[in-house]
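Let's take a walk through this structure, starting with the space where the ligand is found and then moving in on the ligand itself. Have a look at the model first.

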Amino acid sequence: MKKPTRVNHPPRVDVPADNQPVVAPIYQTVKFEFETVDETLRHLRGERPGFFYTRTSNPTLRQLELLLAELQGRDDCLVTASGVSAVTQTLLALTKQGDHVLCFVETYNPTRYVIRRLLGRFGVTHTMLSIEDVAGMERVLSSTKTRLVLFESPTNPVTKIADIPAITGLARKYNALTVLDNTFAGLHQHGEFDIDVYVHSLTKYASGAGDVMGGAVIARSDIIRTMRTDFGVIGNVLDPHAAFLILRGLKTYFVRYKAQSESAQRIAELLAAHPAVARVHYPGLPSHPQHALARAQMKDFGGIVTFDLKGGAEAAKRFVEALKLFALTASLGSTESLVVAPQMMAVRDLTPEQQRMSAITEGTVRLSIGLEDPDDLIEDVTRALEAAGGQ
Ligand SMILES: *Cc1c(COP(=O)(O)O)cnc(C)c1O
């Protein structure tokens, strides 16, 4: 064999079955081969295990899928290249022309876009309510045959809590599927509820380090089976190296989520006691209007603390720019703290009435609490509140 041939067919190294790596290797390969045409065909017909093409499956992706399914308490999962691709592909796979979707004003902006603009182009209609309007949900579900209800809890950015048993109860009664974007609450929460499909952005708490994007759809295997082919041909596949990084991030997921929730609680309490602050939105505060519901549904209240400054837009600008330890940027759930200014929370696609429902004001600031020492974060926030000024 000449050397140009050899570099394309390097020596194989087999690891003995009784000598396994502690951390699984990254299967950074697109293709897998069988020895014969017949075995290849048996595999493609689903008659034997194995792998063929990474867009359809890959051992590193499969390891991540099995772990995520178990964490959320369901039996199967599909991973995708980002959180929005998990949402979009789920909606495309579960709806068809003429279907109706129930969604909410407090939903993540790109998800609203997908339902209103993208699905709308393909003849899927929707109704958008406030997540607090349970009576409205019953009115819509009882009068309009609805394919699915898509919602979030806590909502972004003002951490409203969805009444999950009420929503799943109504959806069952009227034969609609429930899709919960569970990114904020995380993989260890809400698994006990009668939810059909969970979607997650793995970009946030799951990976934690803020250096990789990913998404996941988690459900019973019969639901995943109906979506698998659509996902394969849409082709928004997660890269095996990204899956490896997310698997590594998940090793510290539980300690991170707990520590971030504890620091967030302290910062929420500090903000609630400060004269420059009009209102704090954190489910762990007794003053949160749905604190009892949050306590009944959640174990940890998460790392997102949102609050309204009395001084409005200008005070908010001064506050976010005075912070030293919080990066002024999008996203959440990473080890470094982050902040979003009200000017960055565009809700231009909503009517004035819907904007009122969204509860975002000119002085609304969203903090994502990281893993810095909480005393340092408190010092930074206190100093920035002073810089923001009073009224
Ligand atoms: C960030 C986010 C998404 C989108 O995830 P990406 O990984 O950024 O594509 C979807 N839903 C919620 C609730 C999010 O916070």
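What follows is a short tour of the pocket and then of the ligand's surroundings.

Keep in mind that this is a predicted model. A good place to begin is the largest pocket, which holds about 790 Å³ of space. Its lining is made up of 43 residues, and the ones nearest the centre are Tyr108, Asn156, Lys204, Ser331 and Arg366. Which elements give two or more residues to that lining? They are helix H4 (83-94), helix H5 (109-121), strand E6 (197-201) and strand E11 (338-340). H5 gives the most, with four residues. Sort the lining of the largest pocket by class and you get 20 nonpolar residues, 15 polar ones and eight charged ones.

Now for the ligand, which sits in this largest pocket. There are 13 residues around the ligand, and Gly83, Asp181, Ser201, Thr203 and Lys204 come nearest. Lys204 also turned up among the residues nearest the centre of the pocket. The shell around the ligand has five nonpolar, six polar and two charged residues.

Zoom in a bit further and you can pick out some polar atoms facing each other. In the side chain of Thr203, an N or O atom is 2.5 Å from an oxygen atom of the ligand. Asp181 has a polar side-chain atom 2.6 Å from a nitrogen atom of the ligand. With Val84 the backbone takes part: one of its N or O atoms lies 2.9 Å from a ligand oxygen atom. And how much of the ligand does the protein cover? On its own the ligand has 380 Å² of accessible area, and the protein covers 94% of that.

Key
Residues are numbered from 1 along each chain as its sequence is written. This is a predicted model: local features need pLDDT of at least 70, side-chain atom pairs count only at pLDDT 80 or more; totals for chains, interfaces and linings use all residues. Side-chain values use heavy atoms; hydrogens and water are left out. A residue is near a molecule or strand if one of its heavy atoms lies within 4 Å of it. A polar contact is a pair of N or O atoms within 3.5 Å; within protein, one must be able to donate a hydrogen and the other to accept it, and residues adjacent in sequence count only if both atoms are side-chain atoms. Accessible areas come from the Shrake-Rupley method with a 1.4 Å probe; for residues, only the protein chains shown count as cover. On a 1 Å grid over the protein atoms alone, a cavity is a set of points where a 1.4 Å probe fits but cannot get out, and a pocket is an open set with protein on both sides within 12 Å along at least five of seven lines; lining residues have an atom within 4 Å of a point. A molecule sits in a cavity or pocket if more than half of its atoms lie within 2 Å of its grid points. Ala, Val, Leu, Ile, Met, Phe, Trp, Tyr, Cys and Pro count as nonpolar, Asp, Glu, Lys and Arg as charged, and the others, Gly among them, as polar. Grid points are joined across faces, edges and corners, and a volume is the space filled by probe spheres set on the points.
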